[in-house]
Structures are given as structure tokens and as C-alpha cells.
Amino acid sequence: MSELATRIVEELRQRPRQFSEVVEAHLDVAWREFLYAWGEVRSADVLERDDAGRYRVRTGP
Amino acid sequence: MTPPTKQSFRDFLQRLEEAGELRRLKKGVDARHVSGLMAQVREASFFEQVIGYPEWRVVGALVSTRRRLALGMACAESEIATRFEEGIRRPVEPRLVRDAPCQEVVWEGDAADLTRLPIPLMHVKDGGPYISGTLVVSKDPEYGRNVGSYRMMYRTPRETGIDLVSPSDMRVYYQRALDQGRPLPIAVAVGVHPYELLAAAYKAPIDIDEFAIAGGLHGAPVDLVRCRTVDLEVPADAELVLEGELLPIGWTADEGPFGEFSHITGEVKWNPIFRVRAITHRRDPIFYVLQMPWENDWLAAPVIEAAGLQALRVASVQPVAIRAPVGSCCYWSLIASIKKRPGEGKNALLALLSVAEVKLAIVTDEDIDIYDPDELDWALTFRVQADQDVLIVPGARGKHIDPSVRADLLGKGGLPTTAKLGIDATIPEGVPKSHYERLRYFAKDAVRLEDYL
């Protein structure tokens with residue numbers, strides 16, 4: 001996983017976030033680079049969603 | 001004689017520009033800011049440079065108003081429903097061509113990477129960036145080709161989610177493929193003329209080819225080209241085509257929320273995944289962003305208004321004009337004026353309330369300009385007695401995304417119902433028309449304003 005993808009996972013482990021919050025935290029990164037990292041995070045299959053549609057890192061099995 | 005040719009997406013852009021309805025923005029824009037900027041522009045937006053995507057230009061909000069939709073349909077704003085009806089009555093079969101602008105550039109294998117497209121983030125609560133203005137083509141061995149429009153949420157460079165929750169022909173096709181444990185090949189065209197999108201939005205019978213309906217709207221055949229990696233055909237003049245398949249995983253992947261056509265954020269849904277095999281596009285491609293909710297609403301208007309006209313005629317009521325107001329998302333309300341005979345105000349209401357999920361119908365006489373809100377208020381004020389001219393139909397079919405139906409109380413799989421309201425704003429039976437004679441200004445026709453300026 002790239003450094004950016006690892007950072008995104010860490011941020012989502014801290015607290016659930018809307019996708020736009022994740023984007024906002026990385027506006028300094030080129031959009032294409034961000035999308036690529038987001039793809040890495042999704043491919044890692046570590047995310048789940050809460051009722052508000054926020055992403056969080058799965059804790060259980 | 002040269003056969004007629006259909007209008008292309010680029011012809012439509014030109015038409016908008018000539019009408020002063022397209023704003024060009026020359027400075028480079030970040031794809032993350034495209035929707036936020038479009039929301040501030042009165043006209044449709046044309047972004048000439050997108051940061052990080054030097055090959056691409058981006059357009060959007062093309063049919064965000066009734067005027068721009070009417071420009072796309074080459075008719076007056078009051079005629080979009082009748083224009084749509086004429087088109088669907090005279091389908092024109094598509095024709096297959098060998099060479100297509102949409103295949104001038106082909107990305108296959110690792111090159112078929114969705115991050116190469118300037119996919120925008122539209123709303124604050126969206127679950128991801130969305131490809132919104134899609135024309136999705138699929139095929140079933142028994143029913144044939146289907147064309148619909150489905151939102152697609154970016155997941156990875158090779159995958160998107162796709163909203164296949166609502167009943168649709170492609171949902172049937174996918175279920176049949178899923179039952180056999182096989183993927184459903186699909187092709188997604190982006191950047192097509194509004195007629196193609198209208199045909200896709202129209203709930204045609206399952207065995208009717210939506211490309212033939214689009215041809216009827218154009219008055220000329222839609223040119224189709226075979227895809228490179230799937231056995232499907234797409235409009236040859238599309239700006240962009242994604243080829244691939246819906247994986248046979250059923251409704252198991254999170255997708256959404258997305259800003260819905262009801263102007264409200266929806267919920268996370270469970271949906272299939274689209275995996276891309278190839279991306280093809282024009283040499284100087286334009287990425288189309290269908291700006292939700294406005295464009296979705298206006299693309300629904302001719303369909304719902306035409307259904308209203310049809311319902312009135314079936315009820316033997318003669319319609320004069322009809323409109324689906326954008327405040328009701330061009331979906332939940334219908335306002336019509338009619339040539340009324342005694343009792344037909346109520347007949348007309350019953351007919352209009354039978355259309356899809358329409359929950360508010362207003363009927364006026366033909367002398368009322370239903371496009372003028374003040375005229376409508378006047379009719380509602382002086383032609384309505386609430387105890388005689390209002391119909392309430394409880395327990396009719398509703399739609400989940402209307403918060404007032406309280407769908408959250410129904411439990412999983414519960415189907416909501418709604419009450420429907422009809423207001424007969426025609427002149428009541430027994431009241432002479434002369435009581436509604438409008439004021440006229442003395443000598444208005446005898447004096448000319450320009451003589452006094």
C-alpha cells in the first residue's frame with residue numbers, strides 16, 4: 001500500500017469520516033494520486049460503513 | 001437523397017453556446033471543484049482545462065433548466081412533452097457503423113484505468129466520486145438489448161459501484177445472469193445527446209430498443225459501433241465508453257450515498273460491482289458531468305409530462321398544457337390546463353394522480369397560463385372551494401426517498417404508501433364564466449408606449 005493509502009487507513013481508524021472529509025484532508029495531493037490511493041484502500045477490504053454513510057476501518061472479523 | 005443525420009453531443013453544446021446558455025471557463029480547474037463551480041454558474045459550464053488531465057475538457061449542467069432541455073429537444077419550453085410523444089411514436093432503428101469517434105483512442109489491460117478520467121466529487125455526503133451522465137447498454141439472450149442510465153461510484157482504478165436497486169430491465173438481466181453464475185457484460189457511454197438520455201430514462205417495454213426511441217426523437221437513426229471487448233453496441237459519437245462487466249456477486253457491495261434527484265442525500269445501498277475491461281474515447285474528449293439533481297429532474301420532465309397527457313386522453317379529457325414543476329423534482333407533481341366539460345376537472349385529477357408516484361395534481365381551465373405562478377395562484381384562489389374541489393386519495397404507492405412516507409418505520413423490504421392530493425382549480429360548475437372576466441385597461445390598444453419614451 002502506498003504511503004498515502006496507509007495514511008488514509010490510519011485516519012479512518014481514528015474516527016469514521018465522510019468521503020469528502022477524507023478528500024478535504026488531502027487537497028494538497030493531485031486528484032489522480034488520491035483516487036489511486038483510495039482504490040488501494042478499497043482493494044484492501046478493510047472498510048465498513050456506518051449509518052451516516054461514513055467510512056471506518058473494520059475492527060471485528 | 002442523403003439520409004437524415006442525428007444531432008450529436010457536440011451539436012448540442014454548440015446550440016447551447018449560440019443561445020448564450022454555455023459559459024466557457026478557461027482557467028485550469030481541479031476535478032474536485034467542478035461541481036461546486038457549476039453550482040455557481042447560471043449557464044451550462046465548459047471547463048477548458050482540468051488540472052492533471054491535460055487531454056480532457058469537462059462540461060456539465062447542460063440540461064439544468066427547462067430552457068436548456070428545450071434547446072436540446074429543438075422545441076418550445078411548453079412543447080417538451082408533445083415533442084417527446086411524437087418521437088416515441090415513430091421509432092427509428094439504429095444503424096451499425098464500422099468506424100467511430102468514440103474509439104479513436106483505446107485503453108485496454110492495465111491502461112484501462114479509471115483514475116485517468118476527471119471523475120468529480122459532487123456533493124458533501126457522497127460516498128465517492130461519481131460518473132453520473134451514463135448510458136448503460138446490456139443484452140439478454142431472450143429480451144435483447146437494453147439501455148438505461150445508472151450512477152456509478154468510483155471504487156478502484158478498475159471498479160465502480162453501480163446502483164441497481166430500483167426495478168429496471170437491466171436489473172432483470174443481471175438477476176438472470178447471476179442465477180447462471182455468470183457476469184453481465186455492459187458498456188457505458190458518457191457524453192451523448194440528451195435524446196439518448198431521454199430514451200434511456202423512458203420506461204419502455206422490455207422488448208423495445210431504446211436506441212430506436214432515441215432515433216425517433218432525433219428523426220434519424222442513431223449510429224452504433226460494436227464495442228472492442230464485449231458483444232454490445234454503443235453510440236458511435238459518444239465522448240467516452242467504458243466496457244466491462246457486472247460481477248456475479250449480487251447486491252453485496254456498499255454504494256452511495258449520492259445526492260438523489262429528490263435534492264436529498266440518499267442512503268448507503270448494497271449493489272453489484274462493475275469491472276472495467278477497456279476504456280475508449282474520442283481523440284479530444286469531453287467528460288460530461290450530469291449535475292445532480294437538476295439535470296436528472298429535467299430529463300424526467302418530458303417523460304412524466306407525456307405520461308400525464310396520455311392519462312388525460314385515456315380519460316377522454318382534452319389537455320391544453322401540462323408541466324411537472326422542478327420543485328417537485330419534475331416527478332411528484334403535475335399541473336395541467338384542459339378544455340373542460342362539466343365534471344372533467346375531477347376526471348382529470350383522477351387521471352393525473354394515476355401517473356407513477358405523482359402525489360399532487362392541479363387542473364385549471366385553458367385560460368390559465370400554468371407556467372405563470374401568479375396565474376396559477378389566482379385560479380387556486382378564486383376557482384377552488386376546499387370542501388368541494390380537493391381530492392385526497394390515501395394509501396397509494398409511494399417512493400422511499402420521499403421522507404414524508406416514513407419508510408424507515410417499515411422495516412427491511414417494506415414498501416411505502418402515500419396520500420395523493422388533487423386540486424380542481426377549474427371554474428366550478430354553475431358559476432358563469434362571466435364572473436371571471438379579467439380587467440382590461442382603457443385605451444391600451446389605442447396608445448403606444450414607444451411614442452412616450
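**Sheet, helix packing and contacts between the chains**

In chain B of this predicted model, an open sheet is built from 5 strands arranged in the order β19-β20-β21-β23-β22, with mixed pairing. The edge positions are taken by β19 (318–323) and β22 (390–397) of chain B, each of which has a single partner strand, so that one side of each remains without a neighbour in the sheet. Averaged over the sheet and with direction ignored, neighbouring strands are turned by 20 degrees against each other. Strands of a sheet pair through backbone hydrogen bonds, in either a parallel or an antiparallel manner. Within the present sheet, the pairing of β21 (residues 360–365) with β23 (residues 417–425) of chain B is in the parallel sense and extends over 5 bridges; B:Ala361 has B:Gly422 of β23(B) as its bridge partner.

Helix α8(B) lies across two strands of chain B, β19 and β20 (333–339), and runs at about 160 degrees to β19(B). This helix, spanning residues 294–314 of chain B, also meets helix α6 (residues 194–201) of chain B, the two axes coming within 9 Å and crossing at roughly 60 degrees. Because angles from 65 to 115 degrees are classed as roughly perpendicular and those under 35 degrees as roughly parallel, α6(B) and α8(B) are therefore oblique to each other. The crossing in which α6(B) passes α8(B) is right-handed. On the side of α6(B), the contact involves B:Pro194, B:Leu197, B:Leu198 and B:Ala201, which meet B:Leu299, B:Ala300, B:Pro302 and B:Val303 in α8(B). By class, the residues of this contact comprise 8 nonpolar, no polar and no charged.

At the level of domains, chain B is divided into domain 1, covering residues 79–283, and domain 2, covering residues 315–429. The centres of these two domains of chain B, taken over C-alpha atoms, are separated by 33 Å. Contact between them involves 7 residues of domain 1 of chain B and 4 residues of domain 2 of chain B. The side of domain 1 of chain B that touches domain 2 of chain B contains 3 nonpolar, 3 polar and 1 charged residues.

Between the chains, 14 residues of chain A are in contact with 19 residues of chain B. On the side of chain A that touches chain B, α2 (19–24) and α3 (31–43) of chain A each supply at least two residues, and the most is given by α3(A), with 7 residues. The residues on this side of chain A are divided into 6 nonpolar, 5 polar and 3 charged.

How values were computed
Residues are numbered from 1 along each chain as its sequence is written. Chains are lettered from A and ligands numbered from 1 in the order in which they are written. This is a predicted model: local features need pLDDT of at least 70, side-chain atom pairs count only at pLDDT 80 or more; totals for chains, interfaces and linings use all residues. Helices (H or I, at least four residues) and strands (E, at least two) are DSSP runs, numbered from the N terminus. Ala, Val, Leu, Ile, Met, Phe, Trp, Tyr, Cys and Pro count as nonpolar, Asp, Glu, Lys and Arg as charged, and the others, Gly among them, as polar. Domain bounds come from an automatic or database domain assignment. Axes are lines fitted to C-alpha atoms, for helices over the stretch in contact, and angles run from 0 to 180 degrees between N-to-C directions. Angles under 35 degrees count as roughly parallel, over 145 as roughly antiparallel, 65 to 115 as roughly perpendicular and the rest as oblique. A crossing is left-handed if the near helix is turned anticlockwise from the far one by less than a right angle, and right-handed if clockwise. Two strands pair if DSSP finds at least two bridges between them.
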